[in-house]
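Ready for some practice in reading a protein model? Work through each exercise with the structure in view, and try it yourself before you look at the solution.

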Amino acid sequence: MRLDIVTIFPEYLEPLNVSLVGKARARGQLDVRVHDLRRWTYDRHHTVDDTPYGGGPGMVMKTEPWGEALDTALADGYEAGAGGPGGPALVVPTPSGRPFTQELAVELSQRPWLLFAPARYEGIDRRVVDEYATRMPVYEVSIGDYVLAGGEAAVLVITEAVARLLPGVLGNAESHRDDSFAPGAMADLLEGPVYTKPPVWRGREIPDVLVSGHHGRIARWRRDEAFRRTSAHRPDLIERCDPAALDKKDREMLSILGWRQGPDGRFWRDADAVEQ
Ligand code: 6GU
């Protein structure tokens with residue numbers, strides 16, 4: 001997979017040389033190219049922003065540097081009619097984008113080429129996105145309900161979530177099967193606690209079941225803990241879970257956690273029933 005990132009802070013992307021993403025690059029599984037947006041400015045101050053039309057606070061990133069930067073990044077490798085699945089997609093991190101989810105990470109991981117346009121200031125002149133949207137898919141993506149000073153941190157987040165899904169990047173192909181939010185068995189449940197040696201640390205023991213050798217009981221215990229954690233931290237996931245995907249033991253656990261089933265089978269919980 002190829003990644004192009006256009007930014008006014010190339011140093012901010014240094015973490016892409018480290019850990020999982022850095023190793024994927026070293027192995028040739030990822031081709032990452034970081035471009036300094038100011039290379040496409042021609043005034044003494046390397047200006048990339050200007051005041052917003054219509055007034056208001058802050059500054060807006062200018063069309064021309066972005067246009068030249070994106071054209072240059074695309075020129076090396078772009079083939080005519082590349083609007084399809086084999087061509088580049090533009091990813092624009094913005095707090096006004098669609099939520100970045102595991103499902104979107106999977107979708108992006110299936111594309112061969114992502115071009116990131118992280119903005120600083122109040123964002124990029126809208127015409128830039130509108131222009132490239134005529135040539136390729138554009139994903140405007142938010143990584144959560146808070147505001148960052150710029151999109152570079154979001155590029156790091158999205159890149160790591162996508163890179164670990166690429167074939168051969170994670171050591172063990174099984175490693176993402178049980179991910180919280182992975183499609184499949186533990187879908188839509190948060191992962192519960194995990195333990196390793198030593199068996200006693202500062203007087204704290206590990207749950208006996210984990211050394212019982214009973215694989216069935218261990219699996220059941222893990223699922224119960226996943227319900228416990230999801231109920232505490234993400235009750236919205238319990239509310240929208242498909243009751244048909246749950247077995248009798250699952251429903252017993254949810255009942256212990258204070259959940260009831262409505263006439264439609266959906267789970268709901270009285271505010272007073274919340275633990276602690
Ligand atoms: Cl993608 N960018 C910025 N600037 N702030 C954010 C964000 C992105 N996602 C959440 N907050």
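**Exercise 1.** Decide whether P88 is buried or exposed, and find what surrounds this residue.

*Solution.* Start with the relative accessible area: for P88 it is 1%. Buried means under 20%, so P88 counts as buried in this predicted model. Next, place the residue: P88 sits in strand β5. Then look for its partners, leaving aside neighbours within four places in sequence: P88 touches L74, Y78, A82, R111, W113, M136 and P137. Finally, try a distance: E11 is 77 residues from P88 in sequence, and their C-alpha atoms are 24 Å apart in space.

**Exercise 2.** Work out how helix α5 is placed in the protein.

*Solution.* First, find the helix: α5 covers residues 152-163, which makes 12 residues. From first C-alpha to last it reaches 16 Å, close to the 16 Å expected at 1.5 Å a residue. Second, check burial: 9 of the 12 residues are buried, so α5 is largely enclosed by the rest of the structure. Among these buried residues are E152, L156, I158 and V162. Third, ask what covers them: the cover includes strands β1, β5, β6 and β7, along with helices α1 and α3.

**Exercise 3.** Look at the backbone at H46, at R202 and at the bond from K197 to P198, and say what you find.

*Solution.* Begin with the background: most residues other than glycine have a negative phi, and most peptide bonds are trans. Now take H46, whose phi is positive, near 50°. H46 lies in the loop between β2 and β3 and is partly exposed, at 38% relative accessibility. R202 also has a positive phi near 50°. Its loop runs between β8 and β9, and at 70% relative accessibility R202 counts as exposed. Last comes the peptide bond from K197 to P198, which is cis, with omega near 5°. P198 belongs to the loop between α5 and β8.

**Exercise 4.** Step back and describe the protein as a whole.

*Solution.* Count the elements: there are 8 helices and 11 strands. Then compare sizes: the radius of gyration is 23 Å, well over the 19 Å that the globule rule gives for 276 residues, so the protein is more spread out than a compact globule. Its C-alpha trace spans about 70 × 45 × 45 Å along the principal axes. For burial, 40% of the 276 residues count as buried. To finish, turn to charge: the protein carries 34 positive and 42 negative side chains, and the centres of the two sets lie 6 Å apart.

Key. Residues are numbered from 1 along each chain as its sequence is written. This is a predicted model: local features need pLDDT of at least 70, side-chain atom pairs count only at pLDDT 80 or more; totals for chains, interfaces and linings use all residues. Side-chain values use heavy atoms; hydrogens and water are left out. Helices (H or I, at least four residues) and strands (E, at least two) are DSSP runs, numbered from the N terminus. The radius of gyration is taken over C-alpha atoms; the globule rule is 2.2 Å times the number of residues to the power 0.38. Buried means under 20% relative accessible area, exposed over 50%, partly exposed in between (1.4 Å probe, protein chains only). Lys and Arg count as positive and Asp and Glu as negative; His and the chain ends are not counted. The place of a charge is taken as NZ of Lys, CZ of Arg, CG of Asp or CD of Glu. The expected span of a helix is 1.5 Å times one less than its number of residues. Contact means heavy atoms within 4.5 Å.
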